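The following exercises ask you to read a structural model residue by residue, moving from charged pairs to the packing of a helix. Please keep the sequence and the coordinates at hand while working through each solution.

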Amino acid sequence: MSNLNAPSSRHTVAGWLDPDRLPPQGAAIDIQLEAAYAGQELTVVLAKADGTQLASKSLPVNHNDQAITLRFANQYFTRGSGRRQVYYTVGEDGPSAPLNLDISDGFSGVHVVDLSARRLPVFYHNGVIKLPQNLPAQMHFARPLTGATGYTSSNASVATVDSTGNVSVLRNGNTTITAILAGGATRQYALSVAGLVGLEMLASSATFSGAERLCRGLGMRVPSQSDLALFKSTYGSQMRQWLPDLAIWGQAIGATTAWTFHPHTAVITGESTATGTLRQVAGIN
C-alpha cells in the first residue's frame with residue numbers, strides 16, 4: 001500500500017468544489033512530497049468517479065520542490081459532471097490516496113456534508129453544542145450568493161449561517177439555507193448533515209440501569225468504550241469547564257462492571273455498576 005499523502009485543493013469546501021468560484025487559470029491541486037523524491041517523475045491524474053482518466057500531467061521533482069501545485073482546466077469541472085478524483089504517482093511509488101471532488105450545482109443545488117468516514121465527535125450540554133478547541137474544517141463552509149443582503153437557516157439546531165453566507169454545521173439533520181436579495185426576493189438550497197457522532201448530556205447522576213433506561217427512552221444508547229476514546233482524543237479534559245467532577249457511564253463490560261469516562265481527568269476505566277453507584281448520563285444520538 002502506498003504511503004503517499006492524498007493531494008489537496010484550496011478550492012474545496014467540505015469536499016465540494018463550486019465551478020463558478022474557480023480562477024480562469026484552472027483548479028489548483030497541491031501535493032506535498034518528501035525530499036527523498038527529488039529527481040523522480042511526478043504524474044498527476046484527474047479521473048471520473050469510475051476511474052476513467054480525463055487528463056494527466058507529468059514533471060520531474062526538483063530538489064526544492066517538496067510543495068508542488070498543478071492546475072487542471074476548468075472544462076473538467078462543469079456543473080452536473082459528478083465526482084472527480086485526483087491522485088498521483090512518484091517514480092515507482094503510488095498511486096496515492098485520492099482527493100475526491102464533488103462538483104457543486106451552484107447556490108440552489110443540494111449541499112451534503114457527510115462526515116461518516118471521519119467519525120467526527122460533537123458534545124452537547126443543555127442542548128447547546130460545545131465545540132473542541134481544534135474545530136475540524138469540515139464543520140464550516142461558505143456558499144455566498146452575489147447580491148444577497150442576508151441569510152437564514154430554517155433549522156438552526158442543524159446549522160447556522162451568518163450575514164455573509166458562512167455556514168456552521170452543528171448536528172445531523174436537514175435544514176434550508178435562504179439568501180435574501182434586495183427587494184425581498186429569495187434563493188434557497190437544502191443542506192443535509194450526516195455522520196456526526198453526538199454525545200449529549202442527559203442527567204447529572206443516575207445508576208447504571210437508570211442510565212440505560214434513560215438512553216433507550218430517548219432513542220439513544222450508552223456510549224461504548226470506542227465512543228469514549230473518540231471524545232477523549234478530541235476534547236481531552238476540556239469537558240471539565242462544563243461538567244461536574246463525576247464520571248460518565250459507558251457501556252457494560254460484564255455483569256457487574258461498565259466503562260466510565262471522567263470529564264476532569266480524561267481517564268477511561270471500568271467501574272462497578274452496583275446499586276447506589278451514581279455517575280453522569282450521556283447518550284449517543
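Arg79 is partly exposed, with a relative accessible area of 31%, where buried means under 20% relative accessible area, exposed over 50%, and partly exposed in between (1.4 Å probe, protein chains only). The model is a predicted one, in which local features need pLDDT of at least 70 and side-chain atom pairs count only at pLDDT 80 or more, while totals for chains, interfaces and linings use all residues. Residues are numbered from 1 along each chain as its sequence is written, and side-chain values use heavy atoms, with hydrogens and water left out.

**Exercise 1.** Determine which side chain meets Arg79 in a salt bridge, and where the two residues lie.

Solution. Begin with the criterion, a side-chain nitrogen of Lys or Arg within 4 Å of a carboxyl oxygen of Asp or Glu. By this rule Arg79 pairs with Asp18, at 3.0 Å from N to O. Next, locate the partners: Asp18 is in the loop between strand S2 (16-17) and strand S3 (27-32), whereas Arg79 is in the loop between strand S6 (67-72) and strand S7 (83-90), so that the pair links distant parts of the chain, 61 residues apart. Strands (E, at least two residues) and helices (H or I, at least four) are DSSP runs numbered from the N terminus. Then compare accessibility: Asp18, at 19%, counts as buried. Finally, extend the pair to a network of salt bridges, which links Asp18, Asp20 and Arg79.

**Exercise 2.** Describe two further salt bridges, those of Arg83 and Glu271.

Solution. Arg83 bridges to Asp102, with the closest N and O atoms 2.9 Å apart. Because Arg83 lies in strand S7 and Asp102 in strand S8 (residues 99-103), this pair ties together parts that are 19 residues apart in sequence. Arg83 itself is partly exposed, at 36% relative accessibility. For Glu271 the partner is Arg279, at 2.4 Å between the closest N and O atoms, and both of these residues are buried. The structure holds eight salt bridges.

**Exercise 3.** Establish which residues of helix H1 are buried and which strands they pack against.

Solution. In H1 (residues 208-217), the buried residues are Phe208, Gly210, Ala211 and Cys215. They lie on the same side of H1 because they cover an arc of only 160° around the axis, taken from the directions from the helix axis to the C-beta atoms. On the other side, Arg213, Arg216 and Gly217 are exposed. The buried residues pack, by contact of heavy atoms within 4.5 Å, against strands S18 (196-206), S19 (248-252), S20 (257-261) and S22 (279-284). Lastly, H1 is followed by Gly219, whose phi is positive, near 75°.
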